[in-house]
Amino acid sequence: MDDDDQILHTTNQHERKSPVQIIRLTCISSSLAALEVFYSTQSINEIPILLAAGIQRPYIPYIWCLTPVLALLIQPYLASKSDRCQCRWGRRRPFILAFAIGVFIGIVLLGYGKAISYLIQHDPANSALTIILVITGVWFTDYFTDALQVPCKAILLDNSIGNAQTANNISTIVASFGTILGYGICSINWKTTLIGNAFENEEQAVFAVTIVVAVILFVISMVFGKEQALADRTTMESEESSEDPMSISYSEQIHTQTEGRNNDANTLHDDQLNNINRHNYLKLCCYQYVNAIASIPKELVILCVISIFGWVAHTSFLFFFSDFLGQVIYNGSSVAPINSSSYINYNDGIKTSSLAFIGSSVISILYTLLLEYWLLNYIGSKLAMIFGLCISGVAMILIAFTSELAIAIVCCCATEISTVTIYSIPYGLLGKYHCHYSKDPRWSSRGFATDSSILNNCLYIGTFVISITFGLVIQLGNSLNVIFIAAGTCNLIAALLSVFVIDPQSTSINSNLPYDCISTSPIIADESNG
């Protein structure tokens, strides 16, 4: 048996170095690149579209309050449904296809809501229908892009068992290039191209190109992310254990005992039993998830609070920076007539913000490498968090007090340091906690996937906090500058809280932790083994 394990380990090592395996994981990760293309296009154009539709800036944050609530309530259930999906396509691809369709609907409504409203009402002025369509597009895009991350990451991990770290590294790089691609699409002057001439304005051309690129990336991921249907695997397992009387399910025992009864009655009884079992499983999953939150260790509480402040800063900056450049730096207006100099200046600011975000994406890749191969090894996770959050917080506040384009772009690139920090270090610390505190009663019964989902939910909580507070902040400050002061302050608070972070060992965040320390089962499935 030891020889077999050694052969299997050697085979996995060979697959790890195989160019074919790396190419396949890259292709599967293309769905994450498609998501980043959507995110980039949305973050650049959402505020200008909402303003052009007639929504006042102080009321825009309130639009974002619905989707994080839905994500917190529904996504754990959808993840558990994906685990048990018996579609012949597999467990993940049906959900990827369904959620991708939802994203496409949202992008179409967001990018072409005004045109659709005009086709229905023939009213060139801003109308209630335009506002409804655009807001619905925001909701669809926000929710389904977030929901898509679960099956997209799950199918990647399903195809890289024993090699999860390599898969995560590949997906991070692919997603970064997706971000650069998305911002690159937004930065092109489409008016001088054939594609731009086919649409009413550049905005529509950007969304058309985004949709085409995303479709190609999703198709690549669906083709290479082959799965075995859960029903087939269940059948194989049942055949292997058919000689074991203990492997016979309860419903099969009932069927045997009532063999002489009517077959239709037996089928109805079995269906009712299965429905009861599914209902009880869902209740158990919800109970375990709530219990995991209620019994959360203090180390994870600190990481969650830091993550919430960090995501508040990042999300608010991401969505309002393009509007800031167009209005404050370029002295433009999104509600000016289309051919006016003010509207042209505003669009120039939007394109420049796209270029600035491309620069920040490059900084993200470089800082990730710096963090992994040097910074964490020398100063540790705690000081790295304090450093990254402080740099970004100061950069955001500086943007609020400058009218110079060069300074604004440099500060924009610097803010990406906190994004890398929040997106990586807390998860690395979480992996350390699960291995270092494996015998601690507070951690031994917890699953890595559940705790990861708790950290993921900090993004939704941060978005909800923005939706209920930043509208008031904008009204009180009566300026875009106050948004960046508030965002920078949130990062500085997160840096201050990072002083209380507990780092069990000063090692690299991507150190080769034992694979069995990190479960790849989505959300709650691992808790049943606890």
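The legends below describe close-up views of a predicted model.

Local features are reported only at pLDDT of at least 70 and side-chain atom pairs only at pLDDT 80 or more, while totals for chains, interfaces and linings use all residues. Residues are numbered from 1 along each chain as its sequence is written, and side-chain values use heavy atoms, with hydrogens and water left out.

**Figure 1. The whole chain, with its 18 helices and zero strands.** Helices (H or I, at least four residues) and strands (E, at least two) are DSSP runs, numbered from the N terminus. The chain has 530 residues, and 50% of them are buried. Buried stands for a relative accessible area under 20%, exposed for one over 50%, and partly exposed for values in between, with a 1.4 Å probe and protein chains only. Of the contacts in the chain with a separation of 6 or more, 80% join residues 24 or more positions apart; contact means heavy atoms within 4.5 Å.

**Figure 2. The two sides of helix H2 (residues 19-28).** Gln21, Leu25, Cys27 and Ile28 are the buried residues of this helix. They lie on the same side of H2 because they cover an arc of only 160 degrees around the axis, the arc being that of the directions from the helix axis to the C-beta atoms. Pro19 and Ile23 are exposed, on the face of H2 turned away from its buried side.

**Figure 3. Surroundings of valine 174 in helix H7 (residues 164-187).** Valine 174 is buried, at 13% relative accessibility. Apart from neighbours within four places in sequence, valine 174 touches Thr26, Ser29, Ser30 and Ala33. From valine 174 to threonine 26 the C-alpha to C-alpha distance is 6.9 Å, although 148 residues separate the two in sequence.

**Figure 4. Packing of helix H3 (residues 30-52) against helix H13 (residues 298-329).** The axes of H3 and H13 are 8 Å apart and form an angle of about 60 degrees. Axes are lines fitted to C-alpha atoms, for helices over the stretch in contact, and angles run from 0 to 180 degrees between N-to-C directions. The crossing of H3 and H13 is right-handed: the near helix is turned clockwise from the far one by less than a right angle, whereas anticlockwise would be left-handed. H3 contributes Gln42, Ser43, Ile44, Glu46, Ile47 and Leu51 to the contact, and H13 contributes Leu318, Phe319, Phe320, Ser322 and Asp323. Six of these residues are nonpolar, three polar and two charged. Ala, Val, Leu, Ile, Met, Phe, Trp, Tyr, Cys and Pro count as nonpolar, Asp, Glu, Lys and Arg as charged, and the others, Gly among them, as polar.

**Figure 5. Cysteines 65 and 411 in a chain with zero disulfides.** A disulfide is a pair of cysteine sulfur atoms within 2.5 Å. The closest cysteine sulfur to that of cysteine 411 belongs to cysteine 412, and at 8.9 Å it is too far for a bond. Cysteine 411 is buried, at 7% relative accessibility, and cysteine 65 is partly exposed, at 29%.

**Figure 6. Two asparagines with positive phi, Asn331 and Asn478.** Most residues other than glycine have a negative phi. Asparagine 331 has phi near 55 degrees and sits in the loop between H13 and helix H14 (341-400). Its relative accessible area of 57% makes asparagine 331 exposed. Asparagine 478 has phi near 50 degrees and belongs to the loop between helix H17 (448-477) and helix H18 (481-497). At 69% relative accessibility, asparagine 478 is also exposed.
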